Amino acid sequence: MQTALLQWSSMAPGLSVVPGDDMATLTRFDLDAWVARSGALDLSAIAWEEVPRHRLAPEAARALRYMQDIESHTIVYLRSLLATRAIDDPEVATFLACWLHEETFHGLALAQFLEAAGHPVSARSRARGREPLGKRLEAGLTALLSRAWPDFCAVHMIWGAINELTTLTGYRRLAALAGHAVLADLLERITRDESRHFFFYYRQAEIRLRRPGVARVARVLVDRFWAPVGSGVQPRAELEFLGRYLFDGPEGRAAARKVDDTIRRLPGFETVQLLEAWMDTRAS
Ligand SMILES: [Fe+2]
Ligand SMILES: [Fe+2]
């Protein structure tokens with residue numbers, strides 16, 4: 001655990017390392033410090049006029065369309081979470097307010113980039129708030145689970161940790177693959193936010209999963225229901241394209257394995273099968 005947290009600590013304001021403490025309390029989370037670093041992405045800092053001067057491969061544009069849509073979908077994810085006991089946990093509720101604010105600006109920034117690159121985002125065929133039946137059922141079951149299980153926030157936190165780590169890893173892969181200087185700068189800035197989101201979720205998950213009974217239930221739920229970010233929101237073909245584009249090949253596979261290995265350091269998740277297993281069955 002110590003290694004996993006320290007590995008990400010340089011990107012995670014809010015983390016304090018306490019020399020001399022034992023392993024369990026080596027790191028503490030300072031919500032005030034975390035909130036103080038929260039804020040909207042500075043869109044004026046991006047060299048938008050430079051965007052068309054670099055080539056953007058069609059695959060990179062396709063990946064960005066997916067990511068832009070999922071960033072903009074955060075408000076719908078939040079709608080589902082607001083029906084759970086997450087709103088009764090002061091730390092989680094504060095985090096969610098900052099999270100929505102920051103993710104919204106990620107969506108706006110990616111839309112502005114696509115526009116500048118000559119790939120404007122077109123209107124969705126279905127209004128964002130009108131989710132398909134499967135997603136509405138999922139939201140209803142999530143609310144029921146939250147009502148029935150006092151430790152629901154544990155699974156919310158591990159879920160968020162997996163998805164934020166997948167997201168920030170995906171952005172790094174996209175920056176490397178696309179070879180577009182302005183995009184690399186934009187994604188570097190976005191990734192700083194994603195790293196802070198990841199750290200919040202991961203730290204909260206680590207605390208909550210220390211109770212073996214809670215970890216067992218959370219593990220069953222992740223094993224049974226986890227799928228990569230954007231599943232059920234974007235078409236399956238787009239998700240599978242994105243998986244192949246970002247995580248195929250030796251470097252992609254190594255990145256996916258690093259995501260899985262980081263999550264495996266959490267209590268009860270030592271043998272969990274996530275992104276690499278999904279790649280093996282769905283996207284290769
Ligand atoms: Fe984001
Ligand atoms: Fe995020």
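How far apart are the end C-alpha atoms of helix 7, and what span should its 27 residues have at 1.5 Å a residue? The two values agree: the expected span is 39 Å, and the end C-alpha atoms are 39 Å apart. Keep in mind throughout that this is a predicted model.

**Whole chain**

Start with the protein chain in cartoon view. The chain holds 12 helices and two strands. Followed along the sequence, the elements run α-β-β-α-α-α-α-α-α-α-α-α-α-α. Colour by relative accessibility next: of the 284 residues, 51% are buried. A surface representation exposes about 13100 Å², of which carbon and sulfur atoms supply 55%. For a contact map, take pairs with a separation of 6 or more; residues 24 or more positions apart account for 81% of those contacts.

**Helix 7**

Select residues 152-178, which form helix 7. Of its 27 residues, 22 are buried, so helix 7 is largely enclosed by the rest of the structure. Step just past the end of the helix to glycine 179, where phi is positive, at about 60 degrees.

Now go back into helix 7 and pick isoleucine 158. Its relative accessible area is 0%, so isoleucine 158 counts as buried. Which residues does isoleucine 158 touch, leaving aside neighbours within four places in sequence? They are Ala205, Leu209, Ala218, Val222, Ile263, Leu266 and Phe269. To check one of these pairs, draw a distance between the C-alpha atoms of isoleucine 158 and alanine 218: the value is 7.9 Å, for residues 60 apart along the chain.

**The iron site**

Select ligand 2, an iron ion, and show its donors. Glu103, Glu164 and Glu194 coordinate this ion through OE atoms, with Glu164 listed twice, and His197 does so through ND1. The distances run from 1.9 to 2.7 Å. Along the chain, the donors of ligand 2 have the spacing E-x60-E-x29-E-x2-H. Glutamate 164 lies in helix 7 and glutamate 194 in helix 8 (residues 181-208), so select both helices to see this pair link distant parts of the chain, 30 residues apart. Glutamate 164 and glutamate 194 are both buried.

Which residue coordinates both iron ions? Add ligand 1 to the view: glutamate 103 coordinates this iron ion as well as ligand 2, and the two ions are 3.8 Å apart.

**Histidine 73**

Move to the loop between helix 3 (58-72) and helix 4 (74-81), and select histidine 73. Is histidine 73 buried or exposed? With a relative accessible area of 2%, histidine 73 is buried. Show side chains here: a polar contact of 3.4 Å joins histidine 73 to glutamate 131. Beyond residues up to four places away in sequence, histidine 73 touches Arg124, Arg128, Glu131 and Val233.

**Cysteines**

Finish with cysteine 98 and cysteine 153. Cysteine 98 has 12% relative accessibility and so counts as buried. Cysteine 153 is buried too, at 5% relative accessible area. How many disulfides does a search of the whole structure find? The search finds zero. A disulfide is a covalent bond between the sulfur atoms of two cysteines.

Conventions:
Residues numbered from 1 in each chain as written. Chains lettered and ligands numbered in written order. Predicted model: local features only at pLDDT ≥ 70, side-chain atom pairs only at ≥ 80, totals over all residues. Heavy atoms only, no water. Donors = N, O, S within 2.8 Å, 3.2 Å for Na, K, Ca; no water. Helix = DSSP H or I, 4+ residues; strand = E, 2+ residues; numbered from the N terminus. Buried < 20%, exposed > 50% of the residue type's maximum accessible area, 1.4 Å probe, protein only. Polar contact = N/O pair within 3.5 Å; in protein donor to acceptor, adjacent residues only side chain to side chain. Contact = heavy atoms within 4.5 Å. Areas by Shrake-Rupley, 256 points an atom, 1.4 Å probe, with all protein chains shown as cover. Disulfide = S-S within 2.5 Å. Expected span 1.5 Å × (residues − 1).
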